[in-house]
Amino acid sequence: MSHLSERPEAPLVGVPMPHESAGLHVTGTALYTDDLVHRTKDVLHAHPVQVMKAHGRITALRTGPALAVPGVVRVLTAADVPGVNDAGMKHDEPLFPDEVMFHGHAVAWVLGETLEAARLGAAAVEVELDEQPSLVTLEEAIEAGSYHGARPVMVTGDVDAGFADSAHVFTGEFRFSGQEHFYLETHAALAHVDESGQVFVQSSTQHPSETQEIVAHVLGLSSHEVTVQCLRMGGGFGGKEMQPHGFAAIAALGAKLTGRPVRLRLNRTQDLTMSGKRHGFHAEWKIGFDADGRIRALDATLTADGGWSLDLSEPVLARALCHIDNTYWIPNARVAGRIAKTNTVSNTAFRGFGGPQGMLVIEDIMGRCAPLLGLDPMELRERNFYQQGQSTPYGQPVAHPERISTVWQQVRDNAGIADRKREIAAFNAAHENTKRALAVTGIKFGISFNLTAFNQGGALVLIYKDGSVLINHGGTEMGQGLHTKMLQVAATTLGIPLHRVRLAPTRTDKVPNTSATAASSGADLNGAAVKNACEQLRERLLQVAATRLGANASDVRIAGGVARALGSDKELAWDDLVRTAYFQRVQLSAAGFYRTEGLHWDATAFRGSPFKYFAYGAAATEVEVDGFTGAYRIRRVDIVHDVGDSLSPMIDIGQVEGGFVQGAGWLTLEDLRWDTGDGPNRGRLLTQAASTYKLPSFSEMPEEFNVTLLENTTEEGAVYGSKAVGEPPLMLAFSVREALRQAVAAFGPAGVSVELASPATPEAVYWAIEAARKGGARRGGDARQGSGVRTGTSALSHA
């Protein structure tokens with residue numbers, strides 16, 4: 001076992017414990033960015049001047065009327081920017097645009113003594129617009145040929161030969177929706193400038209270093225003149241990886257120009273209408289199976305809805321292509337990707353980062369094709385699982401493919417699949433207008449940033465003379481429990497009780513050049529960096545202890561806050577050890593660093609090994625569907641998930657549960673709608689509140705919810721043998737959608753192939769039931785000539 005993976009005796013990692021801020025959360029005493037306003041004097045409030053048109057060029061911007069509003073201090077426009085007027089890393093997101101690109105685009109910001117004054121001032125700003133034609137939907141962009149960014153193509157094997165060898169060939173289309181992050185805390189920033197001109201920004205951001213970089217270039221400063229701190233976030237889910245930067249820059253610009261602190265916080269409507277979402281996708285595909293139902297070839301084109309600017313659309317699309325295989329070996333594949341440019345908000349990172357979109361395509365294909373092949377969907381999936389020695393379509397060998405089958409079999413056993421399927425069949429036979437179904441799906445999700453350079457982490461660990469320890473690391477806390485795990489890693493590595501360790505807020509003047517807390521890599525990167533810093537300190541302290549204990553340093557162990565020499569009853573308490581080290585002038589601080597080894601990626605050829613490892617999991621979901629209304633409920637969910645040797649089991653189980661529910665929301669409830677008509681509100685987001693955008697709530701929770709972490713699965717080369725847990729569980733929710741598909745099919749004759757919209761809302765389920773009752777797509781006698789079905793969202797034909 002590697003040094004990084006090996007655990008000492010009686011480690012504090014692996015011990016179930018609550019979130020480090022749980023008490024603060026439930027008592028309401030946890031501070032978030034906007035709470036700091038009440039601790040800051042003379043704060044100005046920022047409010048956006050939004051233009052409620054989907055597309056147009058600004059011909060006039062008059063700020064004078066706003067300045068006449070009592071309490072308005074200043075109106076920020078492009079003329080005020082001393083540096084670069086851009087908030088994006090691709091330099092395609094002007095902070096103050098001269099062209100409105102989506103309904104609700106902010107073109108100026110008003111600073112007021114109160115938020116109400118700023119709001120009234122923003123309403124008084126006069127904007128004249130030369131309105132232009134707009135592309136609101138993904139379909140409109142595809143028809144117009146409106147694309148931007150890279151257009152990768154992933155190829156493996158001989159696709160044409162694969163189809164020629166196929167006994168069954170199917171083609172189809174699939175359009176599926178995006179998702180709103182709907183974090184509890186909206187975008188927020190608070191900036192002030194000190195007496196030396198240093199800019200300090202408190203920001204609700206997953207990527208403080210990039211926020212620092214954007215603020216610096218907007219202000220025309222060097223990075224060392226800007227410090228960004230993130231206390232914690234009230235949720236992020238990827239929505240705060242790239243998009244907080246512009247809001248922080250507005251606050252910083254206002255502070256620089258006025259000399260007063262500036263607070264910017266979006267209200268819920270502004271957050272929904274101004275910030276990006278999960279990318280919706282359109283997929284066209286053709287797939288070939290042999291006579292036994294094994295995939296021979298896949299040819300697909302995935303089109304992501306990027307919105308008006310690129311943001312993170314290119315890496316999101318790349319990850320979608322890298323995950324279209326999911327748990328299945330596809331020997332011959334050609335998958336092309338492109339990014340549509342639409343007049344909507346710029347879509348961005350969202351938990352899974354394209355992985356869910358790619359995996360949904362293949363899972364939809366498997367679910368639709370299984371009846372046409374005359375196979376049970378579980379059987380079709382099992383026949384195509386990766387085996388030892390096989391590689392992904394982009395050329396990375398699949399390590400531990402046996403875990404795909406292991407989690408699958410454990411879920412089958414835990415859920416009692418065989419007995420319950422018999423019970424479901426009996427129930428369905430006895431109930432004409434209510435049907436149940438049970439589906440199992442698996443996941444294989446790659447862990448690491450697609451861009452190799454981002455796979456590095458840093459930490460700064462300080463030991464004080466009294467023996468207390470302070471950790472700084474580059475990761476941010478958004479409720480996922482990263483800080484809890486880092487405390488456990490530090491205490492384990494140093495061999496001291498957990499209460500001796502405290503964690504400081506994430507800030508750029510303590511750990512520089514950090515990567516975003518994203519790609520499920522927060523614990524891997526920052527945990528290894530914290531461990532590295534603590535090991536440096538421990539090695540120094542072992543030398544000191546050896547002298548005091550009269551032993552060799554290699555024979556000294558520190559555990560439970562006590563240093564002991566092997567074969568001796570002599571002891572040295574941690575506090576005494578640290579004090580001795582101080583008087584011996586031993587350095588008691590260390591900077592830790594970690595870089596993920598073994599990664600390589602050629603983005604042009606779309607080949608390489610971009611991931612450190614794969615996380616595996618499987619879920620079994622049972623649903624019940626009402627044939628009159630399409631309404632449904634989730635009766636039971638069983639999950640087995642691979643997190644390696646868990647750093648913090650209670651945290652990880654919570655992440656699995658939360659990820660699954662969020663995935664189920666995306667796939668079944670959360671229906672983003674825009675005004676696509678030609679009226680004055682074209683391009684307006686219609687679902688801009690919780691009253692019209694349906695989020696999962698208690699009523700959507702499974703009546704029985706069982707989560708098991710896979711045991712004896714040490715991940716070699718990862719911190720204390722653990723695996724990432726943030727994103728992979730979201731895709732376990734495919735089992736909900738597939739169970740709904742099978743329940744819908746039960747309303748029709750045998751062999752019906754059900755096409756199901758995504759999200760599969762009760763309305764969508766009802767129309768799918770109606771189609772199933774009429775026969776839907778049926779399995780034909782000739783494997784190469786079957787019937788086709790077409791709806792507004794997808795099409796399937798047996799070619």
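Where does S448 lie? In this predicted model, S448 is placed in the loop between strand 16 (434-447) and strand 17 (456-463). The backbone at this position deserves attention, for S448 has a positive phi of about 145 degrees although it is not a glycine. S448 counts as buried because its relative accessibility is 4%, and buried means under 20%. This residue will serve as a starting point, and its surroundings are taken up again below.

It is helpful to consider the protein as a whole before turning to further details. The secondary structure of the protein comprises 19 helices and 31 strands. Along its principal axes, the C-alpha trace spans about 85 × 80 × 50 Å. For a chain of 799 residues, a compact globule would be expected to have a radius of gyration near 28 Å; the protein has 28 Å, so the value agrees with that expectation. Of the 799 residues, 60% are buried. The accessible surface comes to about 28900 Å², and carbon and sulfur atoms account for 51% of this area. The contacts show how parts of the chain that are distant in sequence meet: among contacts with a separation of 6 or more, 81% are between residues 24 or more positions apart.

One region of the chain carries an annotation from a record. In an unreviewed entry, UniProt places the feature "domain: Aldehyde oxidase/xanthine dehydrogenase a/b hammerhead" at residues 27-133. In the model, this span is 14% helix and 34% strand, and the C-alpha atoms at its two ends lie 51 Å apart.

The aromatic side chains offer a view of how separate parts of the chain are brought together. The structure holds 18 aromatic pairs. One of them is formed by F182 and Y693, whose ring centres are 6.3 Å apart; the planes stand at 0 degrees, so the pair is stacked. F182 lies in the loop between strand 8 (168-176) and strand 9 (188-193), whereas Y693 lies in the loop between helix 17 (649-668) and strand 29 (704-709), so the pair ties together parts that are 511 residues apart in sequence. Both partners count as buried: F182 because its relative accessibility is 15%, and Y693 because its relative accessible area is 1%.

A second pair has another geometry. The rings of F449 and F454 have their centres 5.5 Å apart and their planes at 85 degrees, so this pair is edge-to-face. F449 is buried, since its relative accessible area is 6%, whereas F454, with a relative accessible area of 32%, is partly exposed. Aromatic residues also gather in a group: Y394, W601, F606, F611 and F614 form one aromatic cluster.

A single buried residue can illustrate the contacts made across the chain. L647 is found in the loop between strand 28 (632-641) and helix 17, and it is buried because its relative accessible area is 1%. Leaving aside neighbours within four places in sequence, the residues in contact with L647 include R7, V13, G14 and V15. Others among its contacts are K485, Q488, V489 and A523, as well as V719, Y720 and S722. By way of a further distance, the C-alpha atoms of L647 and V562 are separated by 23 Å, the two residues being 85 residues apart along the chain.

The backbone has further details to examine alongside S448. S520 also has a positive phi, of about 60 degrees, although it is not a glycine. S520 lies in the loop between strand 20 (506-507) and helix 15 (522-549). With a relative accessible area of 14%, S520 is buried. Another feature of the backbone is the cis peptide bond that joins S758 and P759, where omega is about 15 degrees. P759 belongs to the loop between helix 18 (734-745) and helix 19 (762-773).

Finally, the cysteines may be considered. How many disulfides does the structure hold? The structure holds zero disulfides. Two of the cysteines may nevertheless be described by their accessibility: C369 counts as buried because its relative accessibility is 0%, and C534 counts as buried at 0% relative accessibility.

Technical notes: Residues are numbered from 1 along each chain as its sequence is written. This is a predicted model: local features need pLDDT of at least 70, side-chain atom pairs count only at pLDDT 80 or more; totals for chains, interfaces and linings use all residues. Side-chain values use heavy atoms; hydrogens and water are left out. A disulfide is a pair of cysteine sulfur atoms within 2.5 Å. Buried means under 20% relative accessible area, exposed over 50%, partly exposed in between (1.4 Å probe, protein chains only). UniProt positions are given in the numbering used here, feature names are shortened, and annotations may be inferred rather than shown by experiment. Helices (H or I, at least four residues) and strands (E, at least two) are DSSP runs, numbered from the N terminus. The radius of gyration is taken over C-alpha atoms; the globule rule is 2.2 Å times the number of residues to the power 0.38. Contact means heavy atoms within 4.5 Å. Accessible areas come from the Shrake-Rupley method with a 1.4 Å probe; for residues, only the protein chains shown count as cover. Rings of Phe, Tyr and Trp (its six-membered ring) pair if their centres lie within 6.5 Å; planes under 30 degrees apart count as stacked, over 60 as edge-to-face and the rest as tilted.
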